[in-house]
Every structure is written in C-alpha cells, then in structure tokens.
Amino acid sequence: QVQLVESGGGLVQAGGSLRLSCAASGRTFNSYRMGWFRQAPGKEREFVAAIRWVGGTIYYADSVKGRFAISRDNAKNTVYLQMNNLKPEDTAVYYCTADPRGWTTVAVTTVSEYDYWGQGTQVTVSS
C-alpha cells in the first residue's frame with residue numbers, strides 16, 4: 001500500500017519561501033513518477049511539478065517555473081518542493097502524487113494519470 005504524507009505547509013508573506021516534503025512508503029519507487037498538484041478554493045486541481053524517481057527528469061507548470069524546485073532524496077524516500085518568491089495566487093492545498101506508469105508530458109500533468117495521492121498540506125500566502 002503506497003502512502004504519501006506531505007508536510008511543510010503554512011502561512012507566509014508574499015515573497016517568502018516554504019519547502020514542502022512528501023514522505024513516500026509502501027513500495028520501491030524506482031519506476032515511479034512523483035508529482036505535486038495544488039487546488040485553490042473553487043478551482044480545479046492543477047499541476048505544479050513532477051520528477052521521475054530514477055533519472056531525475058523534471059517538468060514544471062509555467063506558473064511556477066523559475067520560482068519552485070522539485071527534488072528527491074532516494075535514501076529518505078522523500079520528494080521536496082522548494083517554493084520561493086511566493087505569491088498570493090500560490091495559496092492552495094498542495095498534494096503529493098505518485099504513479100508507476102510512463103513519463104509523458106500529458107501523463108505527468110494530468111490528475112487522472114496518478115493513482116496515489118497524499119492528504120494535502122495547506123499553503124497560504126498573504127499579500
């Protein structure tokens with residue numbers, strides 16, 4: 001049973017930084033792609049960033065490119081999302097995701113292409 005547990009959310013002022021963590025357990029994740037999505041109130045869940053566990057291929061949404069960085073620590077089975085220069089529009093619940101299927105641009109950015117989800121962590125950016 002795959003388990004994903006996010007942490008690191010909170011309240012921060014615009015321009016500040018946060019680092020989210022996603023502790024993954026229950027499987028060997030070598031063949032997995034890991035992602036971060038977010039959902040603001042009244043909006044659909046949207047793609048933020050993804051990383052291939054082996055090889056480290058990375059993909060970002062245009063809205064966060066240059067401000068956010070996704071990484072993973074193989075020894076700790078943990079994926080991180082470093083968020084810098086945060087804006088009020090980044091306010092959302094952030095979800096960690098995982099899936100063993102292949103890597104394509106469509107697959108990594110699509111909610112239905114991920115089988116496993118964490119419970120989410122709230123990020124609030126004040127202006």
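**Exercise 1. Determine whether D99 is buried or exposed, and find its salt-bridge partner R101's class.**

Step 1. D99 has a relative accessible area of 0% and is buried (buried means under 20% relative accessible area, exposed over 50%, partly exposed in between, with a 1.4 Å probe and protein chains only). The model is a predicted one, in which local features need pLDDT of at least 70 and side-chain atom pairs count only at pLDDT 80 or more, while totals for chains, interfaces and linings use all residues. Residues are numbered from 1 along each chain as its sequence is written, and side-chain values use heavy atoms, with hydrogens and water left out.

Step 2. D99 forms a salt bridge with R101, the closest N and O atoms being 2.8 Å apart (a salt bridge is a side-chain nitrogen of Lys or Arg within 4 Å of a carboxyl oxygen of Asp or Glu).

Step 3. R101 has a relative accessible area of 37%, so R101 is partly exposed.

**Exercise 2. Identify what the salt bridge between R101 and D115 ties together.**

Step 1. In this salt bridge, the closest N and O atoms of R101 and D115 are 3.4 Å apart.

Step 2. R101 sits in the loop between β9 (92-99) and α1 (105-109), and D115 in the loop between α1 and β10 (116-117), so the pair ties together parts that are 14 residues apart in sequence. Helices (H or I, at least four residues) and strands (E, at least two) are DSSP runs, numbered from the N terminus.

Step 3. D115 is partly exposed, at 47% relative accessibility.

Step 4. Through shared partners, salt bridges join R33, D99, R101, E113 and D115 into one network.

**Exercise 3. State how many salt bridges the structure holds, and describe the one between E46 and R38.**

Step 1. The structure holds 8 salt bridges.

Step 2. Between E46 and R38 the closest N and O atoms are 2.6 Å apart.

Step 3. E46 is partly exposed at a relative accessible area of 35%, whereas R38 is buried at 6%.

**Exercise 4. Give the strand order of the open sheet formed by 4 strands, and find its edges.**

Step 1. The order is β1-β3-β8-β7, with antiparallel pairing (two strands pair if DSSP finds at least two bridges between them).

Step 2. β1 (3-7) and β7 (68-73) each have a single partner strand and stand at the edges, so one side of each is left without a neighbour in the sheet.

Step 3. β3 (residues 18-25) and β8 (residues 78-83) pair in the antiparallel sense over 6 bridges. S21 has Y80 in β8 as its bridge partner.
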